Amino acid sequence: MSTASKLTLAGTSLVAISTIFFVHYGQRNEKAAMHAGVVRDMEQQRLKRERQAEFEMQRQLEGEYRKVQTVDGEGEEGNPKG
């Protein structure tokens, strides 16, 4: 084999190996980014459930307080009418 053919073979092999390496590297990074998105979505859903539970608890407490406490003669912001 001549020197030129050896250099061509080495060059094309290097390009092929480099291409394969960078494609796999890109796929690994993309997979990690997608997983991070899933983790972020799960955290957002957990926070939403917690906030909804807190809201429901507050609504229930408000209902109980409205049964027990009556406020007469107050306007919208707690100021007396008149």
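What follows is a walk through a group of aromatic residues in a predicted model.

A starting point is Phe21, which lies in helix α1, the element that spans residues 3-68. With a relative accessible area of 46%, Phe21 counts as partly exposed, because that class covers values between the 20% limit for buried residues and the 50% limit for exposed ones. Phe22 has a relative accessible area of 56% and is therefore classed as exposed, whereas Tyr25, with a value of 42%, is partly exposed.

The rings of these residues can then be considered in terms of their pairing, for which the count comes to 2 aromatic pairs. Phe21 and Phe22 make an edge-to-face pair, with 5.3 Å from centre to centre and 70 degrees between the planes. Phe21 also pairs with Tyr25, and here the arrangement is stacked, with a centre-to-centre distance of 6.3 Å and an angle of 20 degrees between the planes. Phe21 and Tyr25 are 4 residues apart in helix α1, and so about one helical turn separates them. Through such ring pairs, Phe21, Phe22 and Tyr25 are linked into a cluster.

The surface view brings these residues together again, since Phe21, Phe22 and Tyr25 form a nonpolar patch there, with about 360 Å² of accessible area together. Patch membership requires over 30% relative accessible area, a condition that can be set beside the values of 46% for Phe21, 56% for Phe22 and 42% for Tyr25. The residues that ring pairs link into a cluster are thus also described as a nonpolar patch on the surface.

How values were computed: Residues numbered from 1 in each chain as written. Predicted model: local features only at pLDDT ≥ 70, side-chain atom pairs only at ≥ 80, totals over all residues. Heavy atoms only, no water. Patch = residues over 30% accessible without salt bridge, like charges linked within 9 Å, V, L, I, M, F, W, Y side chains within 5 Å. Areas by Shrake-Rupley, 256 points an atom, 1.4 Å probe, with all protein chains shown as cover. Salt bridge = Lys/Arg side-chain N within 4 Å of Asp/Glu carboxyl O. Helix = DSSP H or I, 4+ residues; strand = E, 2+ residues; numbered from the N terminus. Buried < 20%, exposed > 50% of the residue type's maximum accessible area, 1.4 Å probe, protein only. Phe/Tyr/Trp six-rings, centres within 6.5 Å; stacked < 30°, edge-to-face > 60°.
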